[in-house]
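Visitor: Please take a close look at a single charged pair in this model, and then connect that part to whatever else can be said with care.

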Amino acid sequence: MLQRRPMLNKILILFLSIGISFLTGCVTVPKETEAPLQYTFKYQVPPPRAKVQNLRIGIIGRPKTALVIEGEAIPQKNVSEIDNIKDSFIKAFVTDAQEILIKKGATVENFPIYDDLTFIKKEETTLVLLLELSGKIISKNIQSRAISDKNMMLDSIVSSLAQSGGSREYKEIDCKIVPQNFQIVLNIIEPLTEQKLWAKRVEINESAARDCKYKVKIDNRNKTLEFFSDERLKIIAALLEQVYPEIMKKIDAYLDPVELKSIQEKALKLKKLKRF
């Protein structure tokens, strides 16, 4: 019986080695299922208290944009979705600004870019509204902690046995989505002379920040990072959804018919001087 034990030990070691090789190749940690990203930027334009008369105003459909959305360790695959969020925000912004002006009695024409205004259009159009977006929305890491569940623990054990000490870590990172110097500037110009007649600014301060989390697997040996869940895009979209009606409400108040009439009169004087 004593002579059989060395042979039995060899057989056990062989099976353990095969098992480790199998597990190393086959164990994967399932990613958390995430719902499709959904967001809507909408402002309910209220009925105006007054209207402006005989005002033709152009609005530029592609505003000057220097709004950056960035963060620590944002996966490359999410970059296009970030661009979609920004494009949707800007499109809604221009559409609602146009509706505000129409409800206040203005005749509005949308020009994709400023260079689309021909000389004739500049003569016919009393004013042009230019919109600019700038600033940042950033993802800041606050703290991280080691996490594990059954699958993650098994993966770590296999890694430890197969790679002499292991190299994989699982972490959940607390983060915050923060607007920084995020502002929208509205300029009204007289298009023939390109004189700026009016400018207003809407700022979103850092109090609009929101908490977020994401989970990663860090392979220290191969210097790779794999995401298992990441709610940051959803939180960025939710933050913009939250501040959007506030932004448009301020813009609605700025585009006051009495003030628009005053700007219109100045623009008509400039046009008259330009013609002479």
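Guide: Aspartate 252 is buried, with a relative accessible area of 8%, where buried means under 20% relative accessible area, exposed over 50% and partly exposed in between, with a 1.4 Å probe and protein chains only. This is a predicted model, in which local features need pLDDT of at least 70 and side-chain atom pairs count only at pLDDT 80 or more, while totals for chains, interfaces and linings use all residues. Residues are numbered from 1 along each chain as its sequence is written, and side-chain values use heavy atoms, with hydrogens and water left out.

The partner of aspartate 252 is lysine 104, and the closest N and O atoms of this salt bridge are 2.7 Å apart (a side-chain nitrogen of Lys or Arg within 4 Å of a carboxyl oxygen of Asp or Glu). Aspartate 252 sits in helix α5, whereas lysine 104 belongs to the loop between α2 (79-103) and β3 (107-111), so that the pair links distant parts of the chain, 148 residues apart; helices (H or I, at least four residues) and strands (E, at least two) are DSSP runs, numbered from the N terminus. Lysine 104 also counts as buried, at 8% relative accessibility.

The count comes to 9 salt bridges, and another of them joins the side chains of glutamate 194 and lysine 122, at 3.6 Å from N to O. Because glutamate 194 lies in the loop between β5 and β6 (195-204) and lysine 122 in helix α3 (residues 119-124), this pair ties together parts that are 72 residues apart in sequence. Here glutamate 194 is partly exposed, with a relative accessible area of 46%, while lysine 122 counts as buried at 17%.

Lysine 122 leads on to glutamate 190, in strand β5 (residues 168-190), which has a relative accessible area of 0% and is buried. Leaving aside neighbours within four places in sequence, glutamate 190 is in contact (heavy atoms within 4.5 Å) with residues including Lys122, Thr126 and Gln195. A polar atom of the glutamate 190 side chain lies 2.6 Å from the backbone nitrogen of threonine 193.

Strand β5 also carries cysteine 175, which a disulfide joins to cysteine 212, with S to S 2.1 Å (a pair of cysteine sulfur atoms within 2.5 Å). Since cysteine 212 lies in strand β7 (residues 210-219), the pair ties together parts that are 37 residues apart in sequence.

Helix α5, the setting of aspartate 252, returns in the largest nonpolar core, a set of buried Ala, Val, Leu, Ile, Met, Phe, Trp, Tyr and Cys residues joined through side-chain atoms within 4.5 Å. Among the members of this 58-residue core that touch the most others are Phe93, Ile184, Leu240 and Ile247, and its largest share, 11 residues, comes from helix α5 (residues 232-254). Leaving aside neighbours within four places in sequence, isoleucine 247 is in contact with Phe89, Phe93, Ile184, Val202 and Ile204.

As for confidence, the chain averages a pLDDT of 80, and 75% of the residues score at least 70; pLDDT is the predictor's confidence in each residue, from 0 to 100. Over residues 16-30 the pLDDT is below 50, and this stretch has 15 contacts beyond near neighbours in sequence. Over residues 150-165 the pLDDT is also below 50, with 28 such contacts in the model. Where pLDDT is low, the predicted coordinates should not be read in detail.

Key: Polar contact = N/O pair within 3.5 Å; in protein donor to acceptor, adjacent residues only side chain to side chain.
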